[in-house]
Amino acid sequence: MQDTWSFTILGEDKRLFYTAEALRSLGHSVECTAEHLAECDILLLPVPVSRDGVTVNTADIRLDTLSSTVRRDCRVFCGMPRSEVSDLFFKRGIRLYDYAAREEFAVRNAVPTAEGAAEILLRTLPVTLRGARIFITGYGRCARACARLFTAMGARVTVAARRCSALAMANADGYNSVYLRELPRCIGEADAVVNTVPAPVLGETVLSAMRRNCPIVEIASAPYGVDTALAAEYGITVLPAPSLPGKVAPKTAGIIIADTVLNILREGSE
């Protein structure tokens with residue numbers, strides 16, 4: 001098994017600076033310019049790899065230029081590639097590896113996500129988290145991390161989820177739980193809501209039952225869970241919080257990227 005690899009990393013995302021630092025500390029070779037793209041063996045790109053489907057996120061380089069420059073046997077790692085991005089490389093027979101789809105990546109990133117959500121609440125709420133009533137929608141990795149952290153800080157956490165298995169898990173972990181469809185009858189108790197569901201779950205029936213001074217922290221990915229236009233009509237503050245790991249703890253997030261990519265290379269898997 002190969003012990004060290006040569007990487008080319010593109011993007012000005014601060015996480016990637018620490019990714020490069022982590023890889024070098026393990027003896028790997030890292031270049032952070034596009035100067036020798038045609039010769040690179042492993043190309044590492046940001047998460048998300050692109051926001052517009054045309055250029056590399058935080059890098060002044062077009063994806064079509066990139067896909068036509070790298071060798072066909074180049075291994076390309078990126079986060080959350082859109083279908084049109086994957087197609088650009090697929091047409092040349094180049095395989096993209098989505099490191100953000102790996103379970104260990106998601107699990108480890110849930111911790112800085114929860115810390116970032118807590119930071120937002122500490123800055124926003126007029127009360128302490130201790131004693132605050134926090135409703136969390138969903139009970140995936142990020143929701144569980146948020147529930148653990150908020151509870152450790154003294155908050156009273158209620159989990160709202162669709163699936164009976166998720167509600168059972170939340171109960172087993174010691175939290176109050178409620179079906180999402182039952183939120184309107186109890187959401188008025190909330191001091192804050194943290195949404196982790198990337199689907200429309202906070203619409204009119206829920207928003208109309210909320211107190212107007214109850215903020216919503218939106219940490220879900222697109223298409224998100226909150227009807228922001230309707231929330232504005234009701235005077236409810238929605239706090240979008242995308243990419244919290246990179247904002248709250250870029251070094252930790254960068255190390256997670258490095259570890260995940262190395263795991264894929266060592267396993268020779270997706």
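Begin by selecting Tyr224 in this predicted model. With a relative accessibility of 42%, Tyr224 counts as partly exposed, because that class lies between the 20% and 50% limits. The residue sits in the loop between strand 10 and helix 9. Its backbone deserves attention as well: phi of Tyr224 is near 70°, which is a positive value in a residue other than glycine.

Extend the selection to Pro223, which belongs to the loop connecting strand 10 (216–218) with helix 9 (228–233). The peptide bond that joins Ala222 and Pro223 is cis, with omega at about 10°.

Next, go to Ser243, in the loop between strand 11 (238–240) and helix 10 (244–248). Here too phi is positive in a residue other than glycine, with a value near 50°. Ser243 has a relative accessible area of 27% and is therefore classed as partly exposed.

Now select Val47 and Pro48. A cis peptide bond joins these two residues, and omega is about -10°. Pro48 is placed in the loop that runs between strand 3 (42–44) and helix 2 (63–69).

From Pro48, turn to the sheet that contains strand 3. Which order do the strands follow in this open sheet of 5 strands? The order is 2-1-3-4-5, and the pairing is parallel. Colour strand 2 (29–31) and strand 5 (96–98) to mark the edges of the sheet. Each of these two has a single partner strand, so one side of each is left without a neighbour in the sheet. From one strand to the next, the twist averages 25°.

Within the sheet, display strand 3 together with strand 4 (residues 75–78). The two strands pair in the parallel sense over 3 bridges. To see a bridge at residue level, select Leu44, whose bridge partner in strand 4 is Phe77.

Then add helix 1 (residues 14–25) to the view. This helix lies across strand 1 (6–9), strand 2 and strand 3. Relative to strand 1, helix 1 runs at about 170°.

The next stop is the largest nonpolar core, which has 32 residues. Select Leu121, Ile134, Ile136, Phe150 and Val194, the members that touch the most other members. Which elements give two or more residues to this core? They are helix 4 (103–124), strand 6 (133–137), helix 5 (141–152), strand 7 (156–161), helix 6 (164–172) and strand 9 (192–195). Helix 4 supplies the largest share, 6 residues. As a general background, nonpolar side chains tend to be buried together in soluble globular proteins.

Keep Ile136 selected and show its surroundings. Leaving out residues up to four places away in sequence, Ile136 touches Ala143, Cys146, Ala147, Phe150, Val157, Thr158, Val159, Ala160, Val194 and Thr196.

Finish at Cys186, in helix 7 (residues 183–186). Is Cys186 buried or exposed? Its relative accessible area is 8%, so Cys186 is buried, since the limit for that class is under 20%. Apart from its neighbours within four places in sequence, Cys186 is in contact with Phe135 and Val178. As a last step, select Met210, which is 24 residues from Cys186 along the chain. The C-alpha atoms of Cys186 and Met210 are separated by 8.7 Å.

Note on methods. Residues numbered from 1 in each chain as written. Predicted model: local features only at pLDDT ≥ 70, side-chain atom pairs only at ≥ 80, totals over all residues. Heavy atoms only, no water. Helix = DSSP H or I, 4+ residues; strand = E, 2+ residues; numbered from the N terminus. Buried < 20%, exposed > 50% of the residue type's maximum accessible area, 1.4 Å probe, protein only. Pairing = 2+ DSSP bridges. Axes fitted to C-alpha atoms, helices over the stretch in contact; angles between N-to-C directions. Contact = heavy atoms within 4.5 Å. Core = buried A, V, L, I, M, F, W, Y, C linked by side-chain atoms within 4.5 Å.
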